[in-house]
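Student: I'd like a close look at a single part of this protein. Could you pick one helix and walk me through it, with its charged pairs too?

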Amino acid sequence: MSKLVITAAITGGVHVPSLSPYFPHTPATVIEQAVGAAAAGAAVVHIHARDPKDSRPSSDVQVFEDIVSAIDQQCDAAICITTGGGLGMSSEERLKPVNILRPELASLNAGSMNFAIHPLADKIKQPKFDWEIPYLKSTEDLVFPNTFKSLKVFSAGMQAVGTKPELEVYDVGMINNIKYLIDTGALKTPVYLQFVMGILGGMPATPANLLFLVDTAQKLIGAENFVWSCCAAGRNQMPLLTLAMTLGGNVRVGLEDNLYIGPGQLAKSSAEQVEKIIRIAKELNFEIASPAEARQILGLKGQAEVGWAARSNAQRKVAGGKGGQL
């Protein structure tokens, strides 16, 4: 069994600032928490951008570049840029940061779904921003579109810039979509699957369902043709990730997926969750992959080949290798 690759998903496009005082919702706090998660042992950091003015999810390429170049100059974790973006963004908006910044990894959502987070609105009594509650409530009537046409466009766009797709699988039918993309040449094996469980509208986060996803992927795609990881929303995060490790999978933690570190206890950072999953992994005798080892396991092109590399190198020289913040 290869070493365990730990990903930290820092902010996402789902949670809003009023849900936790520790939630990173500015470029500076996203950078800080990503670097902290890498220092704690995450080999990969999964990045969404937030608008510096009002903390909305953003697809602004300049904001993305400011964030990822600052992370890159302070640690050697592989950076995965989202193409999920924020709710309601067009496919063109979602893909643009990948086209320009050419990251090592980028998320590719493997099918359309009802992506519902409206129950979170009931948890907010005093919103920090006036957009938060309407944003959450709007998802009661939202379809997150990822058609076969857009899957083909996203796959081709990533292939053109040497970016490895991280295929986000929210339900079992999406594995069939991936098989079709492989069969038609849009995706090349080995592919990288991220089982995203526990989203309202997607696959419930249960042990039986994780076993079903892994078994289906092995039968449809072939065990030798994919590497996989798992993340789970909310309280199911740590129990399901522990199972994923024992099944040969990698794991993703972070405040994008779960705002808590334990029952009723808010996590103060994604690094806290990284530290917790590492403690569990070591008790089970798993070795933790370094960023260099993770790049080899996942088949990534390397830190020097990203679109912001020149800027990061310049910043390292100016900062004397210590880095800075936005």
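Tutor: Here is a walk along one helix, followed by a few salt bridges. Keep in mind that this is a predicted model.

Let's take helix α7, which runs over residues 207–220. With 14 residues at 1.5 Å a residue, α7 should span 20 Å, and its end C-alpha atoms are indeed 20 Å apart.

Now, which residues of α7 are buried? They are N209, L210, L213, V214, T216 and A217. Looking down the axis of α7, you'd find these buried residues within an arc of 160°, so they line one face of the helix. The general reason for such a pattern is simple: an α-helix has 3.6 residues a turn, so residues three or four places apart point the same way.

What does that buried side pack against? The partners of α7 include two helices, α6 (173–183) and α8 (237–246). Strands β9 (164–169), β10 (191–197) and β11 (226–232) also pack against the buried residues of α7.

Flip to the face of α7 turned away from the buried side, and there you meet the exposed residues A208 and K219. K219 has a relative accessible area of 66%, and its side chain meets that of D215 in a salt bridge at 3.0 Å, N to O. Both K219 and D215 sit in α7, 4 residues apart, or about one turn of the helix. D215 counts as partly exposed, at 30% relative accessibility. After α7 comes G222, with a positive phi near 100°.

Helix α6, one of the packing partners of α7, has a salt bridge between the side chains of K179 and D183, at 2.7 Å, N to O. K179 and D183 are 4 residues apart in α6, so about one helical turn separates them. K179 is partly exposed, with a relative accessible area of 24%, while D183 is exposed at 53%.

For a salt bridge that reaches across the sequence, go to K3 and E293, whose side chains meet at 2.8 Å, N to O. K3 lies in the segment before β1 (6–9) and E293 in helix α10 (residues 291–298), so this pair ties together parts that are 290 residues apart in sequence. K3 is partly exposed, with a relative accessible area of 28%, and E293 is partly exposed too, at 27%. K3 and E293 also belong to a network of salt bridges with E287. Across the model, the count comes to 8 salt bridges.

How values were computed: Residues numbered from 1 in each chain as written. Predicted model: local features only at pLDDT ≥ 70, side-chain atom pairs only at ≥ 80, totals over all residues. Heavy atoms only, no water. Expected span 1.5 Å × (residues − 1). Buried < 20%, exposed > 50% of the residue type's maximum accessible area, 1.4 Å probe, protein only. Arc of directions from axis to C-beta. Contact = heavy atoms within 4.5 Å. Salt bridge = Lys/Arg side-chain N within 4 Å of Asp/Glu carboxyl O.
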